[in-house]
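I open a fresh page for a structure I have not looked at before. The entries follow the order in which I looked things up.

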Amino acid sequence: MITAYSVETIRAAEEALPDLLESGELMARAAKGVARLTTGRMRERGLRSVVALVGPGNNGADTLFAIARLARRGFRATAVCVDTSASAAQTEAAELARSHGATVLPGEGSEALTAISRAEVVLDGITGIGGRPGLPPFARPWVDAIRDRAWVISVDTPSGQPVSGGPAVADAVFADETVTFGAPKPVHLLPPTEAACGLLTVLDIGLDLEQAEPVVARPTPDDVADRWPVPAAEDDKYSRGVLGIVAGGEDYPGAAVLTATAAVVAGAGMVRYTGTKTPRRLVQSALPEVVHGEGRVQAHVIGPGLDTTSAAKGADDQVAAARAALDSDLPVLVDAGGLDLLSGRREAPTLLTPHAGECARLLTRLLGRATDLTRAEVEGDPARHARMLAEVAGATVLLKGGVTHVVGPDGPLHVLDDAPAWLATAGSGDVLAGLVGTLLAAGLDPVEAASLGVLVHGRAADHANPGGPVRALAVAEAIGPVVADLLTASA
């Protein structure tokens, strides 16, 4: 699991090391790491000139000390500074840089802009973790002067981008890579600002974050190996987890097959299906393992392909089964049509799996808004809206999209982007519901089930047809081999 921490947590970790902070040792470690990374990048690319953009804060001092080290190593090093007297550290760094042969220029004037425009590498030290979204006025001409082919390395965070996450700022820094200190911050892991960071390197400068609570987490394949419910010799179908599925209908019968197939292939101990005539017949034909009708389960999936207003024969009984699942004290995954049945908070674990449009409609209804929230608004800031829905519904939310967001009423926001764009195809959400529901039935909490399920879902799409188009049923059928590969790789 890759984790990111808030600015407040990082500052508290720094302040917990007063000797290192006051002596300048933490700054020295940061500058040394930046210089080492920049040296490696320049040597591998055969580059010789580097210009640092130095803002007034500690991040600027880190960058100025790094320039001193780069000048000492023989690179053509220049620092463009807004004010080298802004702090004692900056004054010291500027003197050291000059002593090693670096050029230190004031930020105003054509000489500074010319130096920036000719740089092969640009170190962005304009603002740090205390910066606000948007570039400070003095830095806008600097960033405009960077040539397109220059390699931009941001120090700690890309200047002008929101450090705590949020919409990317168009006229702020978009780096080719970022080197950050201690641990990632939300800007590094959350879309769309993640794209502004480029390649991310995390430097260990000695901060102790072991007991700190992250605000963002990104699962990795190792998490699947560590947490996937692998049966033991004494397990049976009931202890492994029985999943109840209420999905499909006369208009969307295939959703039942896709959801149930994913559950069976993902390793459910047993699947019970409740539906109308056509999807029931399709499930019986495709999946002889599935048991039909209500009965003992450990979790429910309701909603894929479900039309809660259908007048078809048996539809009322199917909707009644979905409502009974919501009224139970068992974990429930609620998708698609099932979201229309939500009327308030459940006491039992609940996982909502909307796409952006469904999230907008559900938030509008639950908040009682006079003006409809739009899909575009949700897509513009998915992290904020996913958390908002989790808080309003008292549930875990899996907000589907090119990047998937998973968040509970409290705890860190999980972000995943393991899926190929080919997975944006009809039925893929039904497959995801069956896969994640299986993990709920096996006893995983909703956040963990959702995160692991999304990761495996994306890997299964790659496995089904690497680099090319993929159908939802092929994704479902690839789940088992993908899980086996992930488990074997860690053995």
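**Notebook: first look**

Entry 1. I note at the start that this is a predicted model. Everything below is computed from that model.

Entry 2, overall build. I looked up the secondary structure of the protein and found 20 helices and 18 strands. I then took the span of the C-alpha trace along its principal axes, which is about 85 × 55 × 45 Å.

Entry 3, burial and surface. The protein has 491 residues, and buried residues make up 54% of them. I put the accessible surface of the protein at about 20,500 Å². Carbon and sulfur atoms hold 49% of that surface.

Entry 4, contacts along the chain. I took the contacts in the protein with a separation of 6 or more. Of these, 70% join residues 24 or more positions apart.

Entry 5, charges. I counted 41 positive and 59 negative charges in the protein. The mean positions of the two sets are 4 Å apart.

Entry 6, cysteines. How many disulfides does a search of the whole structure find? I got 0. For the record, a disulfide is a covalent bond between the sulfur atoms of two cysteines. I also checked how two of the cysteines are placed with respect to the surface. Cys81 has a relative accessible area of 3%, so I list Cys81 as buried. Cys197 comes out at 1%, and therefore Cys197 is buried too.

Entry 7, aromatic rings. I found 1 aromatic pair in the structure. The pair is formed by Phe138 and Trp142, with ring centres 5.2 Å apart. Their planes stand at 65 degrees, so I enter the pair as edge-to-face; the cut-off for that label is over 60 degrees. Are the two partners buried or partly exposed? Phe138 is partly exposed, because its relative accessible area is 28%. Trp142 has a relative accessible area of 1% and is therefore buried.

Entry 8, one arginine. I picked Arg41 and asked where it is found. Arg41 belongs to helix H3, which covers residues 25–45. Its relative accessible area is 15%. Buried means under 20%, so Arg41 counts as buried. Which residues is Arg41 in contact with, leaving aside its neighbours within four places in sequence? I wrote down Trp151, Glu177 and Leu199.

Note on methods: Residues are numbered from 1 along each chain as its sequence is written. This is a predicted model: local features need pLDDT of at least 70, side-chain atom pairs count only at pLDDT 80 or more; totals for chains, interfaces and linings use all residues. Side-chain values use heavy atoms; hydrogens and water are left out. A disulfide is a pair of cysteine sulfur atoms within 2.5 Å. Buried means under 20% relative accessible area, exposed over 50%, partly exposed in between (1.4 Å probe, protein chains only). Helices (H or I, at least four residues) and strands (E, at least two) are DSSP runs, numbered from the N terminus. Contact means heavy atoms within 4.5 Å. Accessible areas come from the Shrake-Rupley method with a 1.4 Å probe; for residues, only the protein chains shown count as cover. Lys and Arg count as positive and Asp and Glu as negative; His and the chain ends are not counted. The place of a charge is taken as NZ of Lys, CZ of Arg, CG of Asp or CD of Glu. Rings of Phe, Tyr and Trp (its six-membered ring) pair if their centres lie within 6.5 Å; planes under 30 degrees apart count as stacked, over 60 as edge-to-face and the rest as tilted.
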